Structure formats: structure tokens, C-alpha cells
Amino acid sequence: MMRLGRDSAARAPIPRSIWVLVTAAFVIALGFGLVAPVLPQFAKSFDVGTTAATVIVSVFAFFRLVFAPAGGRLVNLLGERWVYLTGLFIVAVSTGACAFAANYWQLLVFRGLGGIGSTMFTVSAMGLLVRLADPAARGRVTGLYSSAFLVGNILGPVLGGLLAGFGLRVPFLVYAAALIVAMFVVGLLLKDVHPANGEEAAERPSMELREALAHRAYRAALVSKFANGWSSMGVRVALVPLFAVAIGAGESMAGVALAVFAVGNAAVVIPAGRIADTRGRKPMVLAGLAITGVGTAALGLSAGSAMLVATSFVAGAGAGLLNAPQQAVVADLIGADRRGGSVLAGFQMLSDVGAIVGPIAAGFLAEQLSYPVAFAVTGAICLLAAVPWFGAPETLSAARRGGPDEIVPGEGSGVDRR
């Protein structure tokens, strides 16, 4: 039976609609990378200080966090497709408006609105993946989706730096245009799969957040999502560039270290998804948290460029092992026949909270104590996030048999109702 399960996971097809979402994810990430290198410089062109320039970056994440619950409710009310397309439209318009900002405060408002649109299409895209992916291929699908974002994030800054030569406003216009194209393509190709009205969404029952919180697997996923947001999305971006300069590696090596992290992530994310579809989600999550924690702590002990690059690759690989399986766990709990906007929004919010709190806490530790302490604490948080997973059930086999109802809320042994 186990052999048959593994074979079916390997053969489970990936429908065209998934490839449409993956392609759109690549375009979105590529465009985000286009504006990332020029955004702080553009903010400073309005004669503001460094702190004000960094606020332009953080306001996007802040509005993503604040609007996430509303985004989840909209998914439950209107359906994933409408919310996804509306989110893309909001980001496109707000990004285009950034190019015409006449002062710092206009730029701040436009960028904040982009965060609202971002959380709308992020939560709804996760909901679409839950609905469209075969339960036996959820790990592969989430791995494929994540890898599209990774490749886009790697290529985007390179292209953004080139476009900046034509003016700091140009990358914003290119990104806005790309999002409009993506919106029309997704709307057209997913038209038959997801009707343009909310009737289909209203017919499907929804999984409420309190129901999801009754599952140990979901609570464990929230903890690991927070740890990943703290370490990979927050501390990595905020602290590694400063640390590279502090150890004499230089600013250019900081960029190399960030790129190598992404390479390590991309190298394992698809294989990790495949293994999660055959061996189970839980082992991959535990392995990812362990490797991320050890790699991040070791990064803080780097005395030169070679170790900085090596530990960045290890930490990136650990994050790659973690991402797809933990998202697949949440998808298993929701199931393909239910709406899970609030559940997915809560899951995403924990990453945003970690990405906001992590850099502040780690930056304080680095300033008051040392960089090694800051990275060690970050690594310890990843290792501690593994603790709830030891008591969480494996969701893969039960999801294959009958969906989330087969997984006993609060049960830690992995025993299901059959």
C-alpha cells in the first residue's frame, strides 16, 4: 500500500491551471525584484534620511500583515479567483503610482497600498493551490510555486539594476505593466476553472480559524512559519549585509551571500516537495528546521567570505526543505472542497510577524552584544520551532484517504478515524 501511495504521488499530474499560477508567480517575483534595489534610493531622492528610506520598505510588510485577516475573509466571501485578480490590480496601480510620486509621503501611501494588494493575491493564490492540486502532489506543487518565486527574486534585482540606469522611476512602470499583463492572462486562462462570481465560493463550506487551531499540525505550522519569517525573510535580509561588512567581506560579498542562500533554497525546494508527497510532510519540516537553525547559528561564526557563503547555502537549503512541506500540511487540513481563506491568512500572518519582529530583535542583540549572539538566537528559534512538530500528526496519508476530516484535531500520534 505504501508503495502504491508513492507511485501515485509520483504520477499525479499537475494541471494547466497550476502552471498558469506558477508562471504568474515568476512574473510577480521578477517585478518585485525589479523595484527592490531602487526603492530605498528612490525614497532618499526626496531628501529624507536612511530611517525614512527603510520605512518605505517596511510599510509594505506592515500593510500585508494588517490586511491579512480581511484578505482571508474576502477569499471566503468572493472566491479565490476574484480576490487574486483584484490583488494583482491593486499592486499594479499602486506600483505605477509610485513612479509618479511627487514627494516622500505620496510614495509611502502608494507603497502601503501595494501591501494590501500583495496579501490579497498571496492568500488567494495559496487557496487556489489547495483547490487545484491533487492531494498526492501538493508537496510538488508548492515546491514548484516556491521555486518560481525564488528564480524571479534572483533575476529581478539584476534586471532592476540595469533598468535603474534609465531612471529610478522606470522599474516601477515596468513592474506595473507586467502585473497588468499577468492579471489578464490569469483571468482568461482560469475563467472556466473558477467562475467570475461568488456563487461557487458560497456553495463550499469554509474551514474557520478556530477549527484549524484545534489541530496540532496547524499550530506547529504556525510556529515554524513564524521562525522561517524571522530567520529567512527577516534576519537574513536585514543582518547579513551588515555582518558581511563587519567581518571585512565587503558589500559585494553580502550580495553573493544572499544570492547563494536563494540558490541553496532553489536547489532543494522541488525535491523536498516530491519527498513530502511520498515519505510524508513531517520529516521534511523537521529536517528543514534543524538545518536552517544550525546553518544560521554557524553563519554568525563566519570569519571570512568562504564560511559566509557556505553557511548561507546551508541555511538556504534548510529553508527550502521546510517551505513546501509545511504549506502542504495546511493544504491537507483544509482540503480541496472547503474554503480556507482565514486559515491561510493566519498562516501567512505568522511569517510577516516574524519578518517584522526578527530584524528588530536580532539587530538589538547584534548592537548590544554581538552578531554571533544575534545569529545564534535566530538559529535557536528555528530549532525550538521543531518542538511542536514532534507531537503533531502526519497529514499526508489521511488527506489521501478522505481529506481533513480524517485527521483528528488535537491528536498527536498520527492516528486517524479509520
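## Exercises on a predicted helical model

Helix 14 has 30 residues and spans 44 Å from its first C-alpha to its last, close to the 44 Å expected at 1.5 Å a residue; the expected span is 1.5 Å times one less than the number of residues, and helices (H or I, at least four residues) are DSSP runs numbered from the N terminus. The model is predicted, with local features needing pLDDT of at least 70 and side-chain atom pairs counting only at pLDDT 80 or more, while totals for chains, interfaces and linings use all residues. Residues are numbered from 1 along each chain as its sequence is written, and side-chain values use heavy atoms, with hydrogens and water left out.

### Exercise 1

Determine how many residues of helix 14 are buried, and describe the glycine just after the helix.

Step 1. Buried means under 20% relative accessible area, exposed means over 50%, and partly exposed lies in between (1.4 Å probe, protein chains only). By this criterion 23 of the 30 residues of helix 14 are buried, and the helix is mostly covered.

Step 2. Glycine 335, just after helix 14, takes a positive phi of about 85°, and this glycine belongs to the loop between helix 14 and helix 15. Glycine 335 is buried, at 5% relative accessible area.

Step 3. Along the chain glycine 335 and glycine 127 are 208 residues apart, yet their C-alpha atoms are separated by 9.9 Å.

### Exercise 2

Find the salt bridges, and state which helices each of them connects.

Step 1. A salt bridge is a side-chain nitrogen of Lys or Arg within 4 Å of a carboxyl oxygen of Asp or Glu, and by this rule the count comes to 2.

Step 2. One salt bridge joins the side chains of aspartate 352 and arginine 64, at 3.5 Å from N to O. Aspartate 352 lies in helix 15 (residues 341-368) and arginine 64 in helix 4 (residues 50-78), so the pair ties together parts that are 288 residues apart in sequence. Both aspartate 352 and arginine 64 are buried.

Step 3. Another salt bridge is formed by arginine 281 and aspartate 332, whose closest N and O atoms are 2.9 Å apart. Because arginine 281 lies in helix 13 (residues 281-299) and aspartate 332 in helix 14 (residues 305-334), this pair ties together parts that are 51 residues apart in sequence. Both arginine 281 and aspartate 332 are buried.

### Exercise 3

Count the disulfides, and decide whether cysteine 98 and cysteine 382 are buried or exposed.

Step 1. A disulfide is a pair of cysteine sulfur atoms within 2.5 Å, and the count by this rule is 0.

Step 2. Cysteine 98 is buried, with a relative accessible area of 0%, and cysteine 382 is also buried, with a relative accessible area of 2%.

### Exercise 4

Classify the aromatic pair of tyrosine 104 with tryptophan 105 and that of phenylalanine 226 with tryptophan 230.

Step 1. Rings of Phe, Tyr and Trp (its six-membered ring) pair if their centres lie within 6.5 Å; planes under 30 degrees apart count as stacked, over 60 as edge-to-face and the rest as tilted. A search of the whole structure finds 4 aromatic pairs.

Step 2. The ring centres of tyrosine 104 and tryptophan 105 are 5.2 Å apart and their planes stand at 80°, so this pair is edge-to-face. Tyrosine 104 is buried, at 8% relative accessible area, whereas tryptophan 105 counts as exposed at 60%.

Step 3. Phenylalanine 226 and tryptophan 230 form an edge-to-face pair, with 5.8 Å from centre to centre and 65° between the planes. Both residues lie in helix 11 (residues 216-246), 4 residues apart, about one turn of the helix. An α-helix has 3.6 residues a turn, so residues three or four places apart point the same way. Phenylalanine 226 is partly exposed, with a relative accessible area of 24%, while tryptophan 230 counts as buried at 8%.

### Exercise 5

Identify the helix that gives the largest share of the nonpolar patch on the surface.

Step 1. Patches are made of residues with over 30% relative accessible area and no salt bridge, with like charges joined within 9 Å and nonpolar side chains (Val, Leu, Ile, Met, Phe, Trp, Tyr) within 5 Å. Accessible areas come from the Shrake-Rupley method with a 1.4 Å probe, and for residues only the protein chains shown count as cover.

Step 2. The nonpolar patch is formed by Val151, Ile154, Leu155, Leu159, Leu162, Val263, Phe313 and Val314, which together have about 620 Å² of accessible area.

Step 3. Helix 7 (138-163) and helix 14 each supply at least two residues of the patch, and the largest share, 5 residues, comes from helix 7. Valine 151 is placed in helix 7 and counts as partly exposed at 36% relative accessibility.
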